[in-house]
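Please open the structure in your viewer and keep the selection panel at hand. We will go through it in a few stops, each with something to select and something to look for.

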Amino acid sequence: MSPRDLVGFAARALRGHRLRTGLSLLGVAIGVAAVVTLTALGEGARRYVVSQFSQIGTNLLIVVPGKTETTGGMPGMGGVPNDLTLADAEAIRRGIPEIDKAAPIAMGTETVANGERRRQVALIGATHEMLEVRRLSLARGRFLPELEWDRGSPVSVLGTKTARELFPGEDPLGRVVRIGDWRMRVIGILGPRGQQLGVDMDDVVIVPVANALRMLNRSSLFRVLLQVRAHADLVQARDKVVRLITERHGEEDVTAITQDAVLSAFSSILGALTMALAGIAAISLAVAGIGIMNVMLVSVSERTREVGLLKAVGAGRGQILLAFLAEAILISSAGGLLGLLLGWVAIRVLVAVYPDLPASPPVWAVLAALALSVAVGALFGVLPARRATRLDPVAALAGR
Amino acid sequence: MIRLEGISRTFEVGGEPVHALVDVTEQIAAGEHIAIMGPSGSGKSTLLHIIGCLDRPDGGTYELMGRDVGGLDEAALSLVRRHTIGFVFQFFHLVPRLTALENVELPMLFAGIEPPERRERAMGRLRAVGLEPRASHRPDQLSGGERQRVALARATVLDPKVVLADEPTGNLDTASGRQVLGLLEEMNASGLTLIVVTHDPAVARRARRVVVLMDGRVVSRVEGSRIHEALEALTGGGNGR
């Protein structure tokens with residue numbers, strides 16, 4: 001019996017029970033659609049985070065004050081970590097050859113005003129290097145000038161939203177804004193960027209880091225971003241930075257994180273989440289399999305006489321097994337294809353509703369869902385098919 | 001052709017053994033036309049099933065075309081059924097979702113014959129039973145006689161050596177029954193061995209030899225011209241049921 005004849009015979013049998021076949025097929029379709037859609041969501045979340053990170057820049061080393069590890073020391077006895085100062089940043093830039101660029105960052109919240117128009121925004125103290133290290137773009141004007149880091153300058157760069165809100169219908173370039181008690185000239189406007197790691201980069205004001213520290217009345221930086229020359233040097237550079245600061249402070253009180261470490265941590269967490277979602281969705285496929293088994297059992301008992309006849313005309317046990325198994329697999333694989341279609345539609349709807357989410361199912365999930373749907377048919381079709389092959393031909397012909 | 005020796009078959013019904021066949025010994029030559037008669041429960045269908053390799057005897061030996069069938073496994077038996085034996089049943093046993101043509105093709109499907117040849121041979125058989133114009137009809141669109149003729153075409157499409165017919169006219173009106181018997185006899189005339197199980201004397205009378213079973217035993221064998229009178233005596237001139 002050729003495979004084509006086998007499939008033809010099975011398809012013929014299924015067409016006799018459209019509703020029953022359709023419903024069990026739908027069960028598989030929903031399972032497969034769930035696998036595809038949920039993994040697309042998980043994968044979308046992962047890609048979203050990864051793209052957020054890579055927008056900040058690659059080969060990035062982030063130095064933050066404080067030790068994140070929780071080893072040793074009584075609570076309260078370790079004390080507040082030493083400040084991470086501009087001088088520290090300067091020392092890193094000068095002392096470690098692997099570092100290409102360093103961008104010290106100070107951060108706080110301040111009120112920015114143009115006359116009576118006020119706005120509470122994130123105040124970022126930065127240097128000229130930030131433009132490149134954080135991959136910022138300018139819509140208009142220019143970024144902070146190259147200065148000695150400890151020298152201030154009464155200039156500022158606004159985020160697009162800040163600029164729009166403070167200067168509606170006007171050109172902010174060359175105008176003066178008040179930040180706290182300070183008067184700063186607007187020299188540039190950032191290109192639109194949107195939310196980035198919790199900071200709305202459209203609603204910020206950037207001033208030279210020396211000015212920012214004075215405005216915020218602080219001596220410690222928020223963090224120092226370091227751009228390493230080569231990706232291979234990243235870990236080595238990280239260790240050197242920590243050693244240098246430890247030397248300067250007399251204790252290890254900073255943490256240096258590579259961009260890769262953060263990225264892979266997020267990526268693996270979200271990857272695990274995707275797997276978990278796929279697993280949950282796979283359960284619905286198993287339920288669909290039980291539906292197929294049920295339908296096939298009914299089919300076998302309805303067609304007892306037919307099985308008897310097939311035996312009488314010389315069909316072997318293997319052939320009868322294959323014929324019924326083919327029916328189950330036909331239901332499940334057609335369900336799988338329909339499920340892919342449903343999943344595709346669901347993902348398109350998702351992407352239409354959340355355009356920022358790059359939701360698309362990973363290839364492994366699509367293949368696994370299809371393979372699983374075929375396997376479900378084969379697995380849950382075996383029991384009914386074996387029941388058919390074991391029928392005694394004489395009894396089967398009599399309908400017993 | 002067929003040699004049965006000391007065949008017995010016992011069923012368990014409600015914990016009680018029922019002896020369907022007891023020590024049946026019979027020889028059937030190629031090309032014979034035999035009727036197996038007997039009242040309900042006499043074991044005639046069981047005998048037919050054993051001859052057709054659908055059932056196995058508990059005792060005795062069965063040789064089909066010089067081969068001991070008793071030792072064959074399930075796979076070998078299905079090949080014997082496929083190539084040596086054609087079945088015709090009282091209730092036709094056509095597959096309801098398939099057309100007449102597809103029903104006739106069914107044995108060839110499992111024998112792995114290619115579709116074009118399948119179609120051609122099935123069409124030829126339908127023509128032989130006068131149903132070519134009905135090829136695309138499904139069983140529920142055919143009369144009883146037509147259904148049995150389709151079943152006949154199916155039984156012979158793989159050129160078997162023996163046709164086993166279990167009450168082939170039992171569900172037909174007299175005219176259709178006569179037509180079906182006529183076709184069976186035509187096939188017999190062309191060399192096919194024909195074994196008919198019936199309790200209808202009118203059917204049995206047409207055979208060249210009649211084997212009468214009672215309670216699983218062969219109680220008489222009659223041949224040729226004596227069939228008529230023997231049947232009269234056996235059934236008391238009436239129908240068995």
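The tour below moves from one chain to the contact between the chains and then to the other chain. Keep in mind throughout that this is a predicted model.

Begin by selecting chain A and colouring its two domains separately: domain 1 is made up of 3–52 + 264–397, while domain 2 covers 102–226. If you then place a marker at the C-alpha centre of each, you will find that the centres of domain 1 of chain A and domain 2 of chain A lie 56 Å apart.

Next, show both chains and turn to the place where they touch, where 21 residues of chain B are in contact with 21 residues of chain A. On the chain B side, select helix H2 (74–84) and helix H3 (100–110), which are the elements that give two or more residues to this side. Of the elements there, H2(B) gives the most, with six residues. Colouring this side of chain B by class brings out 12 nonpolar, four polar and five charged residues.

Now hide chain A and look at chain B as a whole, in which you can trace eight helices and 10 strands. Its C-alpha atoms fill a box of roughly 45 × 45 × 40 Å along the principal axes. Because a compact globule of 241 residues would have a radius of gyration near 18 Å, the 18 Å of chain B agrees with that expectation.

Finally, colour chain B by burial, and 48% of its 241 residues will count as buried. Among the contacts in chain B with a separation of 6 or more, 68% join residues 24 or more positions apart.

Note on methods
Residues numbered from 1 in each chain as written. Chains lettered and ligands numbered in written order. Predicted model: local features only at pLDDT ≥ 70, side-chain atom pairs only at ≥ 80, totals over all residues. Domains from an automatic or database assignment. Contact = placed C-beta atoms within 7 Å. Helix = DSSP H or I, 4+ residues; strand = E, 2+ residues; numbered from the N terminus. Nonpolar A, V, L, I, M, F, W, Y, C, P; charged D, E, K, R; others polar. Rg over C-alpha atoms; globule rule 2.2 N^0.38 Å. Buried ≥ 20, exposed ≤ 12 C-beta atoms within 10 Å, placed from the backbone.
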